[in-house]
Amino acid sequence: MNVQRFFNEDLPAALRRNPAGAAEIGGTYQFRISGPGGGEWWVEVTRAKTGVWAGYWPGAQCELAIDSADFKSLVTGDPSSAEALASAGRLVVMGSSSLVARVNQLSRL
C-alpha cells in the first residue's frame with residue numbers, strides 16, 4: 001500500500017464509487033502520517049458530503065497521528081489493531097475514539 005496514492009487517488013475514487021458506503025462510516029477524520037510517503041489529509045464521510053483533501057483541518061471529529069508503516073496495517077488489518085497501536089504509543093488519537101474503529105472501512109469501500 002502506498003499512503004500517498006491511497007489518499008490522493010484510491011480513496012477519492014472509492015468514495016465516488018460508493019457514497020452510500022462512505023456515509024455509513026459517518027465522520028470527519030484528520031490524518032497526520034509521518035515517515036516515508038506521509039503527509040496530512042482530512043477525510044469527510046458523512047451523508048452530507050464525502051471527500052479527501054490534502055492539508056490540515058482542525059474541525060475533524062477524529063484526528064489520528066501515526067507512522068506510515070503502522071497506518072498501512074491499521075487500514076488493511078484487523079480493526080482491533082488500533083487499540084494495540086495506541087497502547088504501544090504508535091497511534092495517537094484525539095477526538096472521537098469510536099471513529100477509529102471504522103478507519104479500516106475506508107480501504108474496503
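A residue is termed buried when its relative accessible area is under 20%. In this predicted model, Glu 63 has a relative accessible area of 10% and is therefore buried. Glu 63 belongs to strand S4, which comprises residues 62-67. Its side chain is engaged in a polar contact with the side chain of Arg 32, at 3.2 Å. Beyond the neighbours within four places in sequence, the residues in contact with Glu 63 are Gln 30, Arg 32, Tyr 56, Val 92, Val 93 and Met 94.

Gln 30, one of the residues in contact with Glu 63, is located in strand S1. The relative accessibility of Gln 30 is 0%, and this residue therefore also falls in the buried class. Two polar approaches involve the side chain of Gln 30. A polar atom of that side chain lies 3.2 Å from the backbone oxygen of Gly 55, and the side chain of Gln 30 also reaches the backbone nitrogen of Trp 57 at 2.7 Å. When neighbours within four places in sequence are set aside, Gln 30 is in contact with Glu 40, Trp 41, Trp 42, Gly 55, Tyr 56, Trp 57, Ala 60, Cys 62, Glu 63 and Leu 64. Both backbone partners of the Gln 30 side chain, Gly 55 and Trp 57, are included in this list. By contrast, a separation of 22 Å lies between the C-alpha atoms of Gln 30 and Arg 17, residues that stand 13 apart along the chain.

The aromatic residues were examined next. Nine aromatic pairs are present in the structure. In one of them, Phe 7 and Phe 31 are arranged in a tilted geometry, with 5.1 Å from centre to centre and 55° between the planes. This pair links distant parts of the chain, since Phe 7 is situated in helix H1 (residues 3-17) and Phe 31 in strand S1 (residues 27-34), 24 residues apart. Phe 7 has a relative accessible area of 1% and is thus buried; a relative accessible area of 1% likewise places Phe 31 among buried residues. Ring pairs further join Phe 6, Phe 7, Tyr 29, Phe 31, Trp 41 and Phe 71 into a cluster.

Members of this cluster also appear where two helices pack. Two packed helices are described by the angle between their axes and the distance between the axes. For H1 and helix H3 (residues 68-76), the angle is about 55° and the axes are 10 Å apart. H1 is therefore oblique to H3. On the H1 side, the contact comprises Val 3, Phe 6 and Phe 7, which meet Ser 68, Phe 71, Lys 72 and Val 75 in H3. By residue class, the contact of H1 with H3 consists of five nonpolar residues, one polar residue and one charged residue.

Two further positions were considered, one in a helix and one in a loop. Ala 23 is part of helix H2 (residues 19-25). With a relative accessibility of 11%, Ala 23 is classed as buried. Outside the neighbours within four places in sequence, contacts of Ala 23 are made with Val 45, Thr 46 and Arg 47. The C-alpha atom of Ala 23 is separated by 17 Å from that of Trp 53, a residue 30 positions apart from Ala 23 along the chain. Gly 59 occupies the loop between strand S3 (50-54) and S4. Its relative accessibility of 40% makes Gly 59 partly exposed. Between the C-alpha atoms of Gly 59 and Ala 88, which are 29 residues apart along the chain, the separation is 27 Å.

Definitions and conventions: Residues numbered from 1 in each chain as written. Predicted model: local features only at pLDDT ≥ 70, side-chain atom pairs only at ≥ 80, totals over all residues. Heavy atoms only, no water. Phe/Tyr/Trp six-rings, centres within 6.5 Å; stacked < 30°, edge-to-face > 60°. Helix = DSSP H or I, 4+ residues; strand = E, 2+ residues; numbered from the N terminus. Buried < 20%, exposed > 50% of the residue type's maximum accessible area, 1.4 Å probe, protein only. Axes fitted to C-alpha atoms, helices over the stretch in contact; angles between N-to-C directions. Parallel < 35°, antiparallel > 145°, perpendicular 65-115°, else oblique. Contact = heavy atoms within 4.5 Å. Nonpolar A, V, L, I, M, F, W, Y, C, P; charged D, E, K, R; others polar. Polar contact = N/O pair within 3.5 Å; in protein donor to acceptor, adjacent residues only side chain to side chain.
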